[in-house]
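Please examine the sequence and the model shown here. The report below is intended to be read alongside them.

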Amino acid sequence: MNDKVKQVLNLIIDKFKSGDIPEAVAYAVFPIPDIPSAKWSLMNRTLMFISGTQDGRGFKQWQHVDRFVKKGSKAIYILVPFIKKVEDGGDEKQQLYGFGCKPVFCVEDTDGKPLDYEQIEVPDLPLLQRAEEWGISVKAIPGNYRYYGYYSFKSREIALATPEEKTFFHELSHAGHEKIKGKLKAGQDSFQEIVAELSAAALCKLVGKQQNDTFGNSYRYIEKYAEKIEMSSYHACLKVMSETEKVLNLILKGKEVVK
């Protein structure tokens with residue numbers, strides 16, 4: 001770890017410790033597209049995601065947007081509640097009496113008219129070449145105010161719902177952390193998230209092009225995960241400092257530096 005990187009990391013830690021955190025700068029997100037799955041339950045959106053797509057629709061729904069399911073494509077299935085009307089003391093109420101499955105098809109299994117969100121492009125971000133060297137694709141996705149990006153270990157891709165550099169650095173740091181450890185814990189592990197966000201904050205200062213100060217966002221993000229492990233933001237950052245240095249070395253130099 002060179003002196004400049006250490007200096008940046010120590011600066012960030014000192015700001016967390018002193019509480020001298022600038023006002024947060026809001027993320028600039030892409031418009032949310034009007035697609036049917038945006039209204040699905042969390043369970044069904046999860047089913048869609050693990051099926052490898054961000055957009056699933058029924059056969060006729062695809063026809064309504066001038067797209068057609070390719071011959072031989074296999075449907076994925078989501079859960080649909082069965083509701084019936086019942087009398088209750090003279091009042092009519094709706095009652096859930098079970099679930100069924102509804103077939104939907106992935107956008108990847110359709111052809112036809114381009115969709116609005118397919119026009120979203122990834123900006124010219126610093127360190128994109130590092131992701132390419134690691135065999136990781138980077139794509140733009142429509143945002144939904146629930147997340148700004150993700151790194152998929154399985155599909156080896158970084159998806160971004162914002163042009164914000166720090167979001168890309170956060171997901172790239174997850175990828176670098178994975179290369180160092182061999183395998184990360186599934187889900188949003190607190191220590192892994194703190195490593196990624198601390199690395200991203202440092203990368204913004206070291207190679208970021210935008211002038212926006214994102215320390216406020218980073219602090220609140222780290223604070224949230226630090227609370228889950230019953231630590232202060234400052235001590236949580238100190239605990240992951242060693243792994244953060246390794247991640248930064250790997251991203252900036254293309255290899256882990258052994259001390």
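The following sections describe the overall make-up, one strand and its partners, and a set of charged residues.

## Overall make-up

This is a predicted model. The protein has nine helices and eight strands. Of its 259 residues, 43% are buried. The exposed surface amounts to about 14,700 Å², and carbon and sulfur atoms supply 51% of it.

Among contacts with a separation of 6 or more, 65% are between residues 24 or more positions apart.

## Strand β8 and its partners

Strand β8 comprises residues 157-160 and is covered on both faces. Glu157 and Ala159 are buried on one side, and Ile158 and Leu160 are buried on the other. In a regular strand, side chains alternate between the two faces of the sheet.

Strand β6 (residues 137-140) runs parallel to β8 and is joined to it by four bridges; here Val138 stands opposite Ile158. Strand β7 (residues 149-152) pairs with β8 in the antiparallel sense, also over four bridges, and Ser152 stands opposite Glu157. β7 and β8 form a hairpin with four residues between them. Arg156, in the turn, has a positive phi of about 55 degrees.

## Salt bridges

The structure holds six salt bridges, three of which are described here. Arg156 and Glu178 meet through their side chains at 3.1 Å, N to O. This pair links distant parts of the chain, with Arg156 in the loop between β7 and β8 and Glu178 in helix α5, 22 residues apart. Arg156 is partly exposed, with a relative accessible area of 26%, whereas Glu178 is buried at 13%.

Lys166 forms a salt bridge with Glu197, the closest N and O atoms being 2.7 Å apart. Because Lys166 lies in helix α5 and Glu197 in helix α6 (residues 190-206), the pair ties together parts that are 31 residues apart in sequence. Lys166 is buried at 2% relative accessibility, and Glu197 is buried at 3%. In helix α4 (residues 128-133), Arg130 and Glu133 are three residues apart, so about one helical turn separates them. Their closest N and O atoms are 2.5 Å apart in a salt bridge. Arg130 is buried at 10% relative accessibility, while Glu133 is exposed at 52%.

## A buried acid without a partner

Which charged side chain is buried yet has no salt bridge? Glu171, in helix α5 (residues 165-181), fits this description. The nearest side chain of opposite charge, Lys166, is 9.3 Å from Glu171.

Leaving aside neighbours within four places in sequence, Glu171 is in contact with Gly149, Tyr150, Tyr151 and Ile158. Of these, Ile158 is one of the buried residues of β8.

Conventions: Residues numbered from 1 in each chain as written. Predicted model: local features only at pLDDT ≥ 70, side-chain atom pairs only at ≥ 80, totals over all residues. Heavy atoms only, no water. Buried < 20%, exposed > 50% of the residue type's maximum accessible area, 1.4 Å probe, protein only. Helix = DSSP H or I, 4+ residues; strand = E, 2+ residues; numbered from the N terminus. Pairing = 2+ DSSP bridges. Contact = heavy atoms within 4.5 Å. Areas by Shrake-Rupley, 256 points an atom, 1.4 Å probe, with all protein chains shown as cover. Lys, Arg positive; Asp, Glu negative; His and termini not counted. Salt bridge = Lys/Arg side-chain N within 4 Å of Asp/Glu carboxyl O.
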